[in-house]
Structures are given as structure tokens and as C-alpha cells.
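Subject: Handover of a structure, with notes

Dear colleague,

I am passing on the structure below, together with some notes that you may want to read alongside the coordinates.

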Amino acid sequence: MKTRIKHLFDVIRLSFYDPAFYKKIRHQRVEEAAKVQALLGVIGVSIASLGVYALMIVPFAFSGFPETIKSAYPQDLVVTLAHGAVSTNQPEPYFIKNIFPDKEIRNLVVIDTGDKLPIDLRADSTYVLVKKTFLVSGAPGQERISVFGSDPATSTLTYEKVAGTIDQVKPYFAPLVLIGSLFILVITVLIVTLIWVVFHLVYILVPAFLIYLYSILRKDRMVYRGAYVVTLYASIPVAILSYVLTFARMPLPQYTYTLLVLLIVAANLSRVEKQGE
């Protein structure tokens, strides 16, 4: 394992500038270069994912979110669902205020069984609008309607029931969030890495062709496979730079990525030619 890590760091260091390295790798198989790209992709996506996990998921898991939800439900509100129709013990429309940071939406839930309000989440400024026989949810402008059905059974929702359910779930909330999010992050790392590697391997085809033409002009003609491998390795420093600048909110301008790759290849191959002379 240590040997592989050392080899990876050596490759990264040499890919910045080492004419002898670039002269040697032109004979390497594409599969070997692709493996290096995949490994770097896994590392890059993993670092970003762990950052999200540490800065967002972990604080959320221990944020007391269940208590926040419990406190959002009014203690004097009783909601009854019988024969597919909703009723409450409060004057309507009844507004349950938004407890989340998004202050553009004023309400979590609006109950309007008397049809006094339009079926429009944006106009009602709510995430959920409860009507007599159905509810509306979703993003404003992308509302989804869910019909309650005609079940003859009667269900009653009170603060005591909500609080009791949340108290039962609360001990398991943090472990479920942490473990579930970690599993999702692992899957995300694999998928995003695969997408990035495939895109990168395809993207490099064009600059590799330019390098192939450049080698012909220098009378040091490489086969296209060799030019492709050389270009893949030359993209490593640029990919690292682009990665860092993206997190610093200073992404590389359009076409700069390709230009930097070409400059790295040209600098290393030109030096090889001088050493040959």
C-alpha cells in the first residue's frame, strides 16, 4: 500500500515537469494511465465528499432536528382524517409557521379544508397545502397532489402522538443519518468518479491529437496512442490546479484547461528534443 501511494505521489511530481519521464511514458499502455486518472478521481471526489460529510451531515445529525420538528407542531391542533376527508379543531385556514432558514416560504403547512385559498404553494407561501380530500406538496410551480382515499377508518393526529413518535425515533436519528449518509456518499464517490474518468478520457482525445500533430512538426513523431498517454499525464497538474481553484471559487476560464495541458506537454517534449541534440 505504501509503495502504491509513493508511486502515485512520484507520478504527480514528475507530471509537472520531467522530460525524461514524458519520454518514457509515451510507450506506456493507455490502461495504466487511465488507472492513475481513476485513482486521482477517487481521491478528489472522496475529499470533497468527506468535506460535505464533516461540515454538513455530522452537524445535522447532532443538531436536535427531531426536537425542532416536535416543537413545530402546535400543541392545540388536532387533525382528524375520516372517510378520506380532513377536519381540524381550529379556525381555518390554519398556518403552521416555517421553522427552517428559508424565510421566503413563511409556512411549513397550511390547512384549508374550506377551500378559501387557491391551490398554489407559491401564493400560499407553504411547503404543504392540506385540503379536505387531498394535499398539495412539492416545489412552487411543481406541485404534486396526493388524494387521501376513502378509507372508512378514522385517524387522529395530536401533539402528544407526534411528540411520542419523535421521542421514540430520537435515539436512532443520529446513527441513521451518519450511517445512511456515509453509505450514500460511498455510492456517490463511485458514480461521480466513473462519470469524471469517462468524460476526462474522452475530453483528452482532442488535445492528444494536437500533441500528435505537434510531434510530427518536431520530426519526433509519436503514434497517437503515445500522444494520448502523454496528454493524460500532462493533464494531472492541470486537474489538481482546477480542483483547488474550484474550491476557492476561482474556476479556470474556458479553454484554459486545454491550453495549460498543451503547454506542459510542449515544455517537456521540447526539453527532450534539446537533450537529444
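The notes below begin with conventions and then go through the helices, the cores and the strands.

This is a predicted model, in which local features need pLDDT of at least 70 and side-chain atom pairs count only at pLDDT 80 or more, whereas totals for chains, interfaces and linings use all residues. Residues are numbered from 1 along each chain as its sequence is written, and side-chain values use heavy atoms, with hydrogens and water left out.

Helices and strands are DSSP runs numbered from the N terminus (H or I over at least four residues for a helix, E over at least two for a strand). Helix 3, residues 30–61, has 32 residues and spans 44 Å from its first C-alpha to its last, close to the 46 Å expected at 1.5 Å a residue, where the expected span is 1.5 Å times one less than the number of residues. Helix 3 nevertheless bends by about 35 degrees at Tyr 53, the bend being the angle between axes fitted to the seven residues ending there and the seven starting there. Tyr 53 is also one of the buried residues of helix 3, which include Ala 33, Val 36, Gln 37 and Leu 40; buried means under 20% relative accessible area, with exposed over 50% and partly exposed in between, for a 1.4 Å probe and protein chains only.

The largest nonpolar core has 32 residues, and those with the most contacts inside it are Phe 21, Tyr 22, Ile 25, Val 36, Tyr 233 and Ile 236. Such a core is a set of buried Ala, Val, Leu, Ile, Met, Phe, Trp, Tyr and Cys residues joined through side-chain atoms within 4.5 Å. Helices 1, 2, 3, 7, 8 and 9 each give two or more residues to this core, and helix 8 gives the most, with 11 residues. Tyr 233 touches, among others, Val 11, Phe 21, Glu 32 and Val 36, not counting residues up to four places away in sequence, where contact means heavy atoms within 4.5 Å. A second, separate core of 14 residues includes Tyr 73, Tyr 94, Ile 96 and Ile 111.

Two members of that second core, Tyr 94 and Ile 111, stand opposite each other, with Ile 111 in strand 4. Strand 3 (residues 94–97) and strand 4 pair in the antiparallel sense over 4 bridges, pairing being assigned if DSSP finds at least two bridges between two strands. Strand 4 also pairs with strand 5 (residues 126–130), in the parallel sense and again over 4 bridges, and there Val 109 stands opposite Val 128. Strand 4, residues 107–111, is mostly covered, since 4 of its 5 residues are buried.

Elsewhere, 3 strands form an open antiparallel sheet in the order 2-1-8, in which strand 2 (85–88) and strand 8 (154–157) are the edge strands, each pairing on one side only. Strand 1 (residues 79–82) is joined to strand 8 by 4 bridges, and Ala 82 stands opposite Thr 154.

Two single residues complete these notes. Ala 85 lies in strand 2 and, leaving aside its neighbours within four places in sequence, is in contact with Thr 80 and Lys 132. Ser 137, in strand 6, counts as buried because its relative accessibility is 16%.

Best regards
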